[in-house]
Each structure stands twice: as structure tokens, then as C-alpha cells.
Amino acid sequence: MSDLIDQSELQSRAARLVEAARKAGADACDAIAVTGVSLGVDVREGKVEETERAEGDDVTLRVFVGKRTAAVSANRLDDPASLAERAVAMAKVAPEDPYAGLADPELLVKDFPVLELLDTTEMTAEQLTEIALETEAAGLAVDGVSKSGGAGASWRLAGVVLATSHGFEGSYLSSRYGMSMTAVAGDGTAMERDYDFDSRTFFEDLEAPAEIGRRAGERAVRRLNPQKLSTRTTNVIYESRAARSILGHLAGAINGASIARKTSFLKEKMNEAVFAPGIQVVDDPFKRRGAATRPFDGEGTRADVLNVIEDGVLRHWFLDGASARELGLSPNGRAHRSGSGTSPGATNITLMPGDKSLEELMADAGEGLLVTDLIGHGVNGITGDYSRGASGFWFENGQIVEPVSEITIAGNLIDMFQRLVPGNDLDNRYSSATPSLMIEGMALAGS
């Protein structure tokens with residue numbers, strides 16, 4: 001892959017920026033250099049609709065002058081001195097931030113772990129076209145599918161280098177492969193659509209294109225002729241794909257920046273039982289071939305696997321340097337680089353599975369709503385109040401009866417977490433991984 005991304009050139013860019021910033025008067029600084037190449041093919045109805053190849057470079061220099069900070073970015077690095085001088089001049093007139101600064105040198109990564117981040121399988125447009133066409137053909141072959149909403153396949157390679165003025169230098173390369181298909185079933189105003197997709201770090205881990213297409217088609221067909229439900233209180237089961245959003249709400253609520261701003265409904269819940277006994281949530285930056293696996297965070301800080309929820313009890317916030325300093329805590333390697341600075345967040349976060357299958361959860365619930373899709377973003381991060389549009393299937397006696405749509409489900413996340421029961425069908429492919437989740441006694445607003 002050296003012919004596509006030259007890590008030595010990335011390292012040189014970052015080092016030159018750090019040196020230029022110190023000469024320009026910065027007390028401290030860091031520089032991140034990112035480059036990437038990607039290739040994607042979209043097809044529809046058996047024909048290539050778009051082929052897109054992109055290559056990009058970006059460098060960002062962040063400087064500190066006392067407790068004042070500023071950052072500048074560029075696509076090219078023709079004049080490091082000019083870029084550094086501009087950043088320092090901006091910092092000198094910026095407001096003071098008492099929590100700004102580089103990571104404590106003692107917390108920096110010294111020994112880089114060997115991680116499975118890079119598959120050297122380079123894809124061509126012809127190969128991606130073949131995958132996309134096969135995926136679409138499998139979806140169209142499903143009885144009841146009337147047309148294709150499109151299919152696609154993609155490949156991406158990215159390189160990252162981080163260098164700081166207090167001696168840290170780290171780099172890594174990562175790859176990503178993906179495919180997707182959207183199927184349309186029915187005709188006229190009775191049409192329904194659904195999709196399926198897969199995305200992996202290693203090409204060999206991708207599911208077969210025919211499997212992705214088939215599932216997309218079957219999901220679209222089973223949504224035909226949805227009914228409406230009357231308003232009621234009922235049991236709700238989120239299938240694993242929809243359940244990832246619940247885990248996302250937890251990750252947002254334990255974000256150190258939200259805790260420091262006191263804008264999280266979990267701000268007073270450290271070391272308290274937030275979930276039922278037995279629930280485990282783990283955040284693992286070293287997960288094998290994980291979507292968010294990385295050897296160091298956005299500040300060069302070392303990280304450990306965190307048991308975020310341990311037997312139902314909240315044990316950790318996600319902390320970068322600034323949020324940790326504001327809270328009087330130690331950062332835990334969860335800094336994400338975001339333009340001019342960092343923000344805390346999860347890496348590979350997993351809600352560990354329970355013992356029962358989706359079918360057994362439905363049997364236990366008796367009747368209720370199986371959620372397959374969610375609409376909108378009706379969650380109040382301060383109070384935990386939850387209200388989302390949903391569609392899926394109504395089930396009775398543990399068996400699916402009919403598809404349903406135009407529903408709103410509501411509750412409060414504090415109560416929902418306490419009543420949450422995980423299934424055993426963990427979908428472990430993505431950076432946010434959950435099994436199906438059952439929550440009893442939610443409000444359902446229908447017709």
C-alpha cells in the first residue's frame with residue numbers, strides 16, 4: 001500500500017508543522033496529518049449509475065499560547081511557517097480556556113499495540129461493480145420486489161499521523177470495505193422499501209453480496225400493507241439494527257463534555273445502578289478488526305478496555321484531556337479529533353448479549369411491537385425523555401401478526417435502561433454493537 005499512502009510523507013508534514021509552530025512562539029502544539037483514497041460504485045437496475053474515486057489530504061495544526069488556543073487547517077503544506085504564524089497570531093487573541101492543553105506526557109502511548117487495522121486488498125472499479133451488481137440482482141430476485149432503489153460497493157484506505165511538541169509521534173493505516181442494497185416492494189402508493197448493508201475492516205469478513213441483496217429484498221416485502229395501531233402501553237423489542245440507537249443514547253449521556261456541562265441525564269449516576277443487574281457494556285479500543293479500533297486516541301493518550309456498565313452499575317465517563325481536567329479526573333484515552341480540537345466519545349462500544357433469542361424474547365413478551373426502523377431524533381439529553389417515530393411488526397403469542405407503521409414510541413431512558421433485557425443475537429460488526437433489546441411497558445401512540 002506504500003504506493004497509495006506514504007506514511008513517511010505524513011510524518012514529515014506533521015513534524016514540520018510542530019517545528020514551525022514552536023519557532024513562531026507557541027508554548028505547545030500538536031499536528032495531525034490525514035490522507036485517504038476511496039473508490040465507490042453505485043448501480044441501479046443493472047447499470048452503473050456512478051463511479052467515484054476520491055483522494056484527499058488534510059493537515060491541522062493546534063497551538064497553545066498560555067491557556068489560549070487556536071487551530072488552522074490546510075489541504076497543502078507549501079509554507080509551514082506561514083501556517084504556524086497564523087495559528088499563533090489567532091491564539092494570542094483567543095479567549096482563555098482554563099482546561100486547554102496537551103495530554104500529560106505520562107499518559108502518552110509508549111508501546112504501540114499491533115492491531116488488525118489494514119487489509120492490503122486493493123479493489124478496482126470493475127470488482128466493486130461486480131459486487132454491487134450481484135447484490136442488486138439478489139434483491140431483485142426476491143418474490144414481491146418490484147424495483148431496485150440502488151446498490152453499491154466501496155473501498156477506502158486512510159492514513160493518520162499525530163505529532164506533538166512534547167515528543168509524541170504515532171501513525172496508523174486503516175482500511176474499510178462495504179456494500180449495500182435498497183429494495184422496493186409493491187406498486188404505486190402501496191410501495192415499501194428497506195435495505196441491508198455490510199461494512200468491514202477486512203474484505204474477507206464481508207458477507208456474500210447475494211446474502212445482503214436477499215435480505216434487503218425480504219425486508220422490503222415483509223413491510224407491505226402496514227397497519228396502524230391504537231394508542232396503548234405495550235412491550236417493545238428493538239431488533240439489533242434498531243437497538244444500536246439505544247446504545248448511542250447511553251454513549252452520549254456518559255460523554256465527559258456533557259457531564260462537565262451538566263447536560264446529561266446521567267450526570268449524578270456514577271457508581272449507581274443504571275441498568276438491571278447482569279447488564280454489561282464494554283468499550284474496547286483494541287477490538288479485533290473493529291470499526292473504531294485504533295492504537296492511540298486524538299491526543300496520543302493510551303487507552304484501556306472500559307467496563308462502562310458493570311453488572312448494571314455505571315463505572316466510567318468517556319474522557320478526553322479537557323473534559324477530564326474540568327471534572328478533576330484522569331483522561332481515559334477517549335479523545336476524538338474533530339477539526340480544531342478534541343471531544344470525548346466511545347470507541348468500539350458493545351452491550352453484551354443475554355441468553356435468549358429474538359424469538360424467545362417475543363415469546364416472553366407475549367404481545368408487543370418489534371421495532372425494525374426508527375424515525376427522527378426525539379431524545380432530550382438533559383432529562384432522558386424519549387420519543388421516536390417507529391415502524392416494524394406487531395406480534396401476539398410470540399408470533400408476528402402484521403407489519404405496522406406511523407407509530408410513536410415514548411418513555412424515559414432512565415426507566416428504559418432499568419427494564420432493558422438483551423437477547424443473544426449480538427451484531428458485532430460495527431463500532432456500536434448490540435443484540436436485540438426488549439423493554440417492557442413503553443407508551444405507544446398510534447391512530
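Two residues are in contact when heavy atoms lie within 4.5 Å. On that basis, in this predicted model, 72% of the contacts between residues at least 6 apart in sequence join residues at least 24 apart.

**Overall architecture**

The chain contains nine helices and 19 strands. Its radius of gyration is 24 Å, which agrees with the value near 22 Å for a compact globule of 447 residues. Taken along the principal axes, the C-alpha atoms fill a box of roughly 70 × 55 × 35 Å. Of the 447 residues, 52% count as buried. The exposed area of the chain is about 19200 Å², and carbon and sulfur atoms supply 47% of that area. Among the charged side chains, 45 are positive and 67 are negative. The centres of these two sets lie 5 Å apart.

**Annotated spans**

An unreviewed UniProt entry lists two spans that are considered here. The feature "domain: Metalloprotease TldD/E N-terminal" is placed by UniProt at residues 29–91. In the model, this span of residues 29–91 is 19% helix and 67% strand, and its end C-alpha atoms lie 11 Å apart. For residues 121–224, the UniProt record gives "domain: Metalloprotease TldD/E central". Residues 121–224 are 28% helix and 44% strand, with 40 Å between the end C-alpha atoms.

**Selected residues**

The table gives the relative accessible area of four residues.

| Residue | Relative accessible area | Class |
|---|---|---|
| E192 | 19% | buried |
| Y238 | 0% | buried |
| K262 | 57% | exposed |
| N397 | 73% | exposed |

E192 is located in strand β6, which covers residues 192–200. With a relative accessible area of 19%, E192 is classed as buried because the cut-off for that class is under 20%. Leaving aside residues up to four places away in sequence, E192 touches A183, V184, A185, A220, R223, L224 and P226.

Y238 belongs to strand β7, residues 232–238. Its relative accessibility is 0%, so Y238 counts as buried. Beyond residues up to four places away in sequence, the contacts of Y238 include A243 and I246. Other residues touched by Y238 are V371, L374, Y386, I409, M416, S436, L437, I439 and M442. Between Y238 and E116 there are 31 Å from C-alpha to C-alpha, and the two residues are 122 apart in sequence.

**Backbone conformation in two loops**

Most residues other than glycine have a negative phi. Against that background, two loop residues may be considered.

K262 is not a glycine, yet its phi is positive, at about 60°. K262 sits in the loop between α6 (256–261) and β8 (281–283). The relative accessible area of K262 is 57%, and this residue is therefore exposed, the cut-off being over 50%.

N397 also has a positive phi, near 50°, in a residue other than glycine. The loop that holds N397 runs between β15 (385–396) and β16 (399–412). N397 counts as exposed because its relative accessibility is 73%.

How values were computed: Residues are numbered from 1 along each chain as its sequence is written. This is a predicted model: local features need pLDDT of at least 70, side-chain atom pairs count only at pLDDT 80 or more; totals for chains, interfaces and linings use all residues. Side-chain values use heavy atoms; hydrogens and water are left out. Helices (H or I, at least four residues) and strands (E, at least two) are DSSP runs, numbered from the N terminus. The radius of gyration is taken over C-alpha atoms; the globule rule is 2.2 Å times the number of residues to the power 0.38. Buried means under 20% relative accessible area, exposed over 50%, partly exposed in between (1.4 Å probe, protein chains only). Accessible areas come from the Shrake-Rupley method with a 1.4 Å probe; for residues, only the protein chains shown count as cover. Lys and Arg count as positive and Asp and Glu as negative; His and the chain ends are not counted. The place of a charge is taken as NZ of Lys, CZ of Arg, CG of Asp or CD of Glu. UniProt positions are given in the numbering used here, feature names are shortened, and annotations may be inferred rather than shown by experiment.
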